[in-house]
Amino acid sequence: LPVLEANFALRLRYFPHQKQSMLNSQTNLACCLDDLGRCDEALLLRREVFARRMAINGVSHEETIVSGSNLVVSLLNFRCWDEARQLLRDPLLPAARR
């Protein structure tokens, strides 16, 4: 975890214009947090990554769909059924079908 946090901090400091790279670092950080049992922090980070990918890439971009799927899995782990269902129905499934 400290290595991933340092990686993200360095990218943020020296390469702030590389948005996709920073989002990838945050995704890796969320996966690590999940593995460590810090699922609530991972969920917050996945929400942030998904929102940024939607803003940068749009809903139909492959990275956005993957981030949304990761978010849905985290929501299901927290038993947020309605929110997960709504996320799948509204932006993700129609975008994935295109």
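**Exercise 1. Decide whether Phe 15 is buried, partly exposed or exposed, then locate it and name the surface patch to which it belongs.**

Solution. The model is a predicted one.

Step 1. The relative accessible area of Phe 15 is 39%. Partly exposed residues fall between the buried class, under 20%, and the exposed class, over 50%, so Phe 15 is partly exposed.

Step 2. In the chain, Phe 15 belongs to the loop that joins helix H1 (2-14) to helix H2 (19-35).

Step 3. Together with Leu 10 and Tyr 14, Phe 15 makes a nonpolar surface patch of about 320 Å².

**Exercise 2. Describe the largest cavity: state its volume, its lining residues and the helices that supply them.**

Solution.

Step 1. The structure has one cavity of 30 Å³ or more. The largest cavity holds about 40 Å³ of space.

Step 2. Its lining consists of Thr 27, Ala 30, Arg 46, Val 49, Phe 50, Ser 67 and Asn 70.

Step 3. Sorted by character, the lining contains three nonpolar residues, three polar residues and one charged residue.

Step 4. Helix H2, helix H3 (39-57) and helix H4 (62-77) each contribute at least two residues to this lining. The greatest contribution comes from H3, which gives three residues.

**Exercise 3. Examine the salt bridge between Asp 34 and Arg 46: give its distance, the elements it connects and the accessibility of Asp 34 and of Arg 46.**

Solution.

Step 1. Side chains of opposite charge can pair when their charged atoms come close. In the whole structure, six salt bridges are found.

Step 2. In the bridge between Asp 34 and Arg 46, the closest N and O atoms are 2.6 Å apart. Asp 34 belongs to helix H2 and Arg 46 to helix H3, so this pair ties together parts that are 12 residues apart in sequence.

Step 3. Asp 34 has a relative accessible area of 21% and is partly exposed. Arg 46, at 11% relative accessibility, counts as buried, since the limit for that class is under 20%.

Step 4. Arg 46 also appears among the residues that line the largest cavity.

**Exercise 4. Describe the salt bridge between Glu 83 and Arg 47, and add a C-alpha distance from Arg 47 to Thr 27.**

Solution.

Step 1. Glu 83 and Arg 47 form a salt bridge whose closest N and O atoms are 2.4 Å apart. The pair links distant parts of the chain, with Glu 83 in helix H5 (residues 81-97) and Arg 47 in helix H3, 36 residues apart.

Step 2. Glu 83 is partly exposed at a relative accessible area of 33%. Arg 47 is likewise partly exposed, at 29%.

Step 3. Arg 47 and Thr 27 are 20 residues apart along the chain, and their C-alpha atoms are separated by 10 Å. Thr 27 is one of the residues lining the largest cavity.

**Exercise 5. Describe the salt bridge between Arg 53 and Glu 63, and classify Arg 53 and Glu 63 by accessibility.**

Solution.

Step 1. The side chains of Arg 53 and Glu 63 form a salt bridge with an N to O distance of 3.6 Å. This pair links distant parts of the chain: Arg 53 is in helix H3 and Glu 63 in helix H4, 10 residues apart.

Step 2. Arg 53 has a relative accessible area of 1%, so it is buried. Glu 63, with 33%, is partly exposed.

**Exercise 6. Characterise Phe 78 and Arg 79, which lie in the loop between H4 and H5.**

Solution.

Step 1. Phe 78 is found in the loop between H4 and H5. Its relative accessible area of 36% makes Phe 78 partly exposed.

Step 2. The C-alpha atoms of Phe 78 and Cys 39 are 8.5 Å apart, while the two residues are 39 residues apart along the chain.

Step 3. Arg 79 lies in the loop between H4 and H5. At 59% relative accessibility, Arg 79 counts as exposed.

Step 4. The phi angle of Arg 79 is near 60°, a positive value in a residue other than glycine.

Conventions. Residues are numbered from 1 along each chain as its sequence is written. This is a predicted model: local features need pLDDT of at least 70, side-chain atom pairs count only at pLDDT 80 or more; totals for chains, interfaces and linings use all residues. Side-chain values use heavy atoms; hydrogens and water are left out. Patches are made of residues with over 30% relative accessible area and no salt bridge: like charges are joined within 9 Å, nonpolar side chains (Val, Leu, Ile, Met, Phe, Trp, Tyr) within 5 Å. Accessible areas come from the Shrake-Rupley method with a 1.4 Å probe; for residues, only the protein chains shown count as cover. A salt bridge is a side-chain nitrogen of Lys or Arg within 4 Å of a carboxyl oxygen of Asp or Glu. Helices (H or I, at least four residues) and strands (E, at least two) are DSSP runs, numbered from the N terminus. Buried means under 20% relative accessible area, exposed over 50%, partly exposed in between (1.4 Å probe, protein chains only). On a 1 Å grid over the protein atoms alone, a cavity is a set of points where a 1.4 Å probe fits but cannot get out, and a pocket is an open set with protein on both sides within 12 Å along at least five of seven lines; lining residues have an atom within 4 Å of a point. Grid points are joined across faces, edges and corners, and a volume is the space filled by probe spheres set on the points. Ala, Val, Leu, Ile, Met, Phe, Trp, Tyr, Cys and Pro count as nonpolar, Asp, Glu, Lys and Arg as charged, and the others, Gly among them, as polar.
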